Amino acid sequence: MKNFLLEVLVQEMPYKFIENGLEQLKNAFKGLFSDNNLKFDAIEGYATPRRLAILVKGVEESQEDTVKDIKGPILNVAVDENGKYTMAALGFAKKNGVEEKDLYSKDGYIYAKVQKKGKCTKNILEENIENMILKLQGAHFMRWGSFEERFTRPIENIVALFGDEILNLKVIDKKATNKTKGHRFSAVKEIEIKDPLNYKEDLKQANVIVDANDRKEIIVKSASELAAKNGLKIDFENLDDLLDEIVYITEYPVPVLCEFNEKYLEIPDIVSTTEMSKHQRYFPLYDNVTGKLANKFITMANFVGDDEESFNNIKAGNQRVVSARLEDGVFFYNEDVKTPLVSRVENLKGMTFQRDLGTLFDKTQRLEKISEYLCEELHFSQELTADTLRAAKLSKADLSTKLVFEFTELQGFIGENYALKSGEKANVANAIKEHYFPLNANSNLPTSDEGRIVSIADKIDTIAAIFLSTQMDKKKKRPTGSNDPLGVRRAAIGVLRIIMEFGYRIDIEKLIDYTIRLIANNFNLEVEITLKSELIDFIIDRLFVMLESDYDFEILDALRKTSPLANLKAFKQKCEDLKAEKNTEVFREFVEQAKRVSRITEGADKKLLEREIASADLKSAEEKVLLEALNAIKNNDLSSVKNLYRMTSLIECFFKTVLVNDENVEDKNNRLGLLYKLRRKFEAYADFTKFKKV
């Protein structure tokens, strides 16, 4: 058993590629070893901005030898009348590398027992590594020099060791070696790797922490300790993305404490913290006692060394950058607050929402109408409705401010601050901020009714507008997994989460219809017949994605045609109902009969089937009993599949005693009509034909 090490040293990679690229490389090696029946103990991956590395421990040195019986020509072709092997048999032996004496007959054929020597792992690695590296996928791959091959960034060096042996391979123009480079600013410029197991420690000597988990631990610990020494703390819980980014833009992270003028604390904290964390990759600091934002921050330098001048230059440079940006923030903020937020609504007339679908002012007017529709549907009080409509009116006003133009991610947050500055009610201001929530599939939802309703209105308007825009411009594609303008999938999930988690009784299908008509009337559009159904299917698909971990596909598929968006609470209850009942014997018996009813009515003339059936139209007692039981099924009974079980024995009895396809056409049609009526009643609950395994 030997240990294997591969390191691909490149110019600085985009941090978003690094983790994914490393995972691709790990999976590629797992696949290689699996395909070649090579066992190994463990595989580890390391990555920095400049290198991707794989360490495989305890790899077999070669494949096992195998013996295989290979079937050859039929006997009467392989052996002549004198019992000697023919040219066909001898050719078969030569092809498989065996001698004539190694051939034998079995079951009327000639066979050869072929021994195949296992291939050396070293050779397998040498033959495959270049291809594996160049097969990695990512955005913005590039070519360099005169080479046709692409990679995320130009490759500078390859380390490939099997045990202590350097593999004989080349990646583009770089021949594998056992030497690599340390940190760009390290005194140790080159490291010789003699043992793959020493790779991590060898790199540390050249100021490279090659394990991302180790770097993350160092960043959190060192930054926290530095902050604590100054009576400050870091809110790491809300900085996950920033922390991950810093991990993959440093090889040897060192914390540097910086500060800025206290006057910049006069602007809303969200401006300062956004500038520091989102734009400059700094950790904002908070006072340990008061919890308030401090005029200090920590930047993680990518190695400093013992040079005090370099340290001071890093500190001074970062302080200059953040001060300049915050100075802009102060200027924009002071200019913005001179104008009441409500006065900015008119400015939205000059800001396009979607081509051919008007301005943000048009969208704002629609939000007011959709919000009013929802308030009426939910029977909100007059005061709550008024506050919701006020929030809808002001929801997009901050998009016309200088501060949001400069810091786009502050939309909503700045709207809340400016609303309070303008004397708006606190709940209205909060709704302006929260109507953008949830910001992603798992983030916080709005905390108030006002915010939730404007959020639903905003998102459903965006979804409908995008679908309508694809109708007007046939070159545009309807939203899919890879084509999702304005985050329509995220918007749909946001609508569904709000309605389900807060138990709102909102018929989304009616809401979609209202919104589409509202937009179409505003712009004199004719709506395609299929548009609404496609939009509904799109949102149902998002709903099923949300629920696929809780309910199996058969349950969701069986409920797809039951208008799940009309009442999400009832739909969720049906899912729970079917999940609990699906594997019971009584459910299986019922489904068997329900599927039988569906099969026999499939393809029949619907005009005949959909006519009214009365007891007088039926002859046998079994038919009349089934009709009576069918008519007794009320809408309340369709709340649970258990309420349908009583039909099982009646249907079974019907089929045992009644000939559906009777020679008498009238009797036949009446019986098919009865069964079709029963089928439609069942389908109001679920399409039981989707339960294939029952």
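Two strands count as paired if DSSP finds at least two bridges between them. In this predicted model, strand β13 (residues 232-233) and strand β15 (residues 283-287) are paired antiparallel through 2 bridges, and Lys 233 has Tyr 286 in β15 as its bridge partner. The briefing below covers strand pairing, helix packing, aromatic contacts and two buried side chains.

**Hairpin of β15 and β16**

- Strand β15 is also joined to strand β16 (residues 293-302), by 3 bridges in the antiparallel sense.
- Within this pairing, Pro 284 has Phe 297 in β16 as its bridge partner.
- The two strands β15 and β16 make a hairpin with 5 residues between them.
- Gly 291, in the turn of that hairpin, has a positive phi of about 80°.

**Five-stranded sheet and the helices on it**

- An open sheet of 5 strands follows the order β2-β3-β1-β7-β8, and its pairing is antiparallel.
- The edges are taken by β2 (42-48) and β8 (165-166); each has a single partner strand, so one side of each lacks a neighbour in the sheet.
- Strands β1 and β3 (residues 51-59) run antiparallel and are joined by 7 bridges.
- Val 8 stands opposite Leu 52 of β3.
- Helix α4 (residues 121-134) packs on the sheet, where it touches β1, β3, β7 (155-162) and β8.
- The direction of α4 makes about 25° with that of β1.
- Helix α1 lies across β1, β2 and β3, and runs at about 30° to β3.

**Aromatic pairs and charges over rings**

- The structure contains 27 aromatic pairs.
- One of them joins Phe 4 and Phe 29 in a tilted arrangement, with 5.4 Å from centre to centre and 45° between the planes.
- This pair links distant parts of the chain: Phe 4 belongs to strand β1 (residues 2-10) and Phe 29 to helix α1 (residues 15-35), 25 residues apart.
- Phe 4 counts as buried because its relative accessibility is 0%, and Phe 29 counts as buried because its relative accessibility is 0%.
- Elsewhere, ring pairs link Phe 587, Phe 590, Tyr 645, Phe 682, Tyr 685, Phe 688 and Phe 691 into a cluster.
- Lys 106 lies over the face of Tyr 111, at 4.8 Å from the ring centre.
- The charged end of Arg 542 sits over the ring of Phe 538, 5.1 Å from the centre of that ring.

**Ile 516**

- Ile 516 is found in helix α17 (residues 508-522).
- Ile 516 is classed as buried because its relative accessible area is 4%, and the cut-off for that class is under 20%.
- Beyond the residues up to four places away in sequence, Ile 516 touches Ala 464, Leu 468, Val 527, Leu 531, Lys 532 and Leu 535.
- Ile 516 and Asp 461 are 55 residues apart along the chain, and 8.1 Å separates their C-alpha atoms.

**Arg 671**

- Arg 671 is part of helix α25 (residues 665-683).
- Arg 671 counts as buried because its relative accessibility is 8%.
- The side chain of Arg 671 makes a polar contact with the side chain of Asp 662, at 3.3 Å.
- With neighbours within four places in sequence left aside, the contacts of Arg 671 are Glu 623, Phe 654, Val 658, Leu 659, Val 660 and Asp 662.

Key:
Residues are numbered from 1 along each chain as its sequence is written. This is a predicted model: local features need pLDDT of at least 70, side-chain atom pairs count only at pLDDT 80 or more; totals for chains, interfaces and linings use all residues. Side-chain values use heavy atoms; hydrogens and water are left out. Rings of Phe, Tyr and Trp (its six-membered ring) pair if their centres lie within 6.5 Å; planes under 30 degrees apart count as stacked, over 60 as edge-to-face and the rest as tilted. Helices (H or I, at least four residues) and strands (E, at least two) are DSSP runs, numbered from the N terminus. Buried means under 20% relative accessible area, exposed over 50%, partly exposed in between (1.4 Å probe, protein chains only). A charge sits over a ring if NZ of Lys or CZ of Arg is within 6 Å of the ring centre and within 35 degrees of the ring normal. Contact means heavy atoms within 4.5 Å. Axes are lines fitted to C-alpha atoms, for helices over the stretch in contact, and angles run from 0 to 180 degrees between N-to-C directions. A polar contact is a pair of N or O atoms within 3.5 Å; within protein, one must be able to donate a hydrogen and the other to accept it, and residues adjacent in sequence count only if both atoms are side-chain atoms.
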